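Reader: Please take me through one part of this model in detail, the surroundings of the ligand. I would like a connected account rather than a list.

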Amino acid sequence: MGAVKLVLLGAPGAGKGTLAKMIQSEYRVPHISTGDMLREAVKEGTQLGKEASQYMNEGKLVPDDIVIGILRGNMKDCEKGFILDGFPRTKNQAEALQTILDEGGVSPDAVINFEAPPEVLIQRLSGRRQCLECGAIYHIKNMPPRKSGICDVCGGELYQRDDDRREVVEVRLKAYEEETAELIDYYRSRKLLESVDAGKDPEATFARVKHAIDG
Ligand code: AP5
C-alpha cells in the first residue's frame, strides 16, 4: 500500500485532531491542520494571524482565499501522504483541494466523516485543554493529563482555546451546519465517503478508521 492520503470531516469537537494524531503515529504521514496553522500564525502575530484572528475569535470561517493559500503551501509533497484535518470546509475549498491533488497526480484514499451527537460535541469542547508547546489534546474528564494543567508529552502548559467558550462554540457549530455539512454529500457522490461513529472512545473510533484504511 502507498502512503495514506486521508481527508477528515466532522463537526467541531468530533475528534478530528485527536484521531489525526493517532493516525499520524501509526501511518507516519503528515498531519495537516489548518486550525493549528492559523493558531500558530495568531500566536506569532504575523499578518496572516492578525487577519485570521478576528474570524476565529468569533467562531466564523476564515475566508477561502486565505486558507486555500495556506493549504497549497503545505501540499507540495502530497504524493508522500497526508491527513487533512479541518480542510476543506466549503465547496470552494473542496474544489481547490481537487485542483491541488490533480496537479500532484494523487487522489485521497478516503474522506472520513466523524459523526457525534451535538451534546457530545459540546461536552468535549467545553472540557478540552491543549498544550501550548506541542499541541497535544486533552480533556479534563475524558482524557485528563496525569498532572493537572501540565502536558504528559512535553511538560508544557495546558490552555483552553478562546473559541471553546460556549457562545463561540454555538457560532462554530452553526458555521459547520451551514457551510461544511454539504461536503458529506459532495464526497459521498464521489464514492469517497466513509462515515465513522465518533461518539465512542478514541480506540474504538481508531479501529474503525484503520478498517477504512486497510480494508
Ligand atoms: P479547527 O481547529 O479546525 O477547529 P474545529 O474544526 O472546530 O475542530 P476542533 O479542533 O474544535 O475539534 P476536533 O474535531 O479536532 O476535536 P478534538 O480532537 O480536539 O478550526 C478552528 C477555527 O479556525 C475555525 O473556527 C475557523 O475560524 C478557522 N479555520 C480552520 N480551518 C479552516 C478552514 N479550512 N476554512 C476556514 N476557516 C478555518 O477533540 C475535542 C475534545 O474532545 C478534546 O478535549 C478531546 O480530548 C476530546 N475527545 C476527542 N475524541 C474523543 C473521544 N473519542 N472520546 C472522548 N473524548 C474525546
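Author: What follows describes the shell around the ligand and then a sheet that shares a strand with it. The model is a predicted one. In it, 35 residues surround the ligand, and the closest are Thr18, Lys60, Arg89, Arg128 and Arg172. Sorted by class, the shell holds 14 nonpolar, 10 polar and 11 charged residues.

Several elements contribute to this shell. At least two residues each come from the helices α1 (16-27), α2 (34-44) and α6 (118-127), and from the strand β6 (137-139). The largest share belongs to α2, with 4 residues.

Oxygen atoms of the ligand have polar contacts with both backbone and side chain. On the backbone side, an N or O atom of Gly13 lies 3.0 Å from a ligand oxygen, and one of Ala14 lies 3.3 Å from a ligand oxygen. On the side-chain side, an N or O atom of Arg39 is 2.8 Å from an oxygen of the ligand. The ligand taken alone would expose 1,000 Å², of which the protein buries 97%.

Strand β6, one of the contributors to the shell, also belongs to an open sheet of 3 strands in the order β6-β5-β7, with antiparallel pairing. Because β6 and β7 (158-159) stand at the edges and have a single partner strand each, one side of each has no neighbour in the sheet. Strand β5 (residues 128-131) is joined to β7 by 2 bridges, the two running antiparallel. Across that pairing, Cys131 stands opposite Leu158 in β7. Arg128, among the residues closest to the ligand, falls within the range of β5.

Notes:
Residues are numbered from 1 along each chain as its sequence is written. This is a predicted model: local features need pLDDT of at least 70, side-chain atom pairs count only at pLDDT 80 or more; totals for chains, interfaces and linings use all residues. Side-chain values use heavy atoms; hydrogens and water are left out. A residue is near a molecule or strand if one of its heavy atoms lies within 4 Å of it. A polar contact is a pair of N or O atoms within 3.5 Å; within protein, one must be able to donate a hydrogen and the other to accept it, and residues adjacent in sequence count only if both atoms are side-chain atoms. Accessible areas come from the Shrake-Rupley method with a 1.4 Å probe; for residues, only the protein chains shown count as cover. Ala, Val, Leu, Ile, Met, Phe, Trp, Tyr, Cys and Pro count as nonpolar, Asp, Glu, Lys and Arg as charged, and the others, Gly among them, as polar. Two strands pair if DSSP finds at least two bridges between them.
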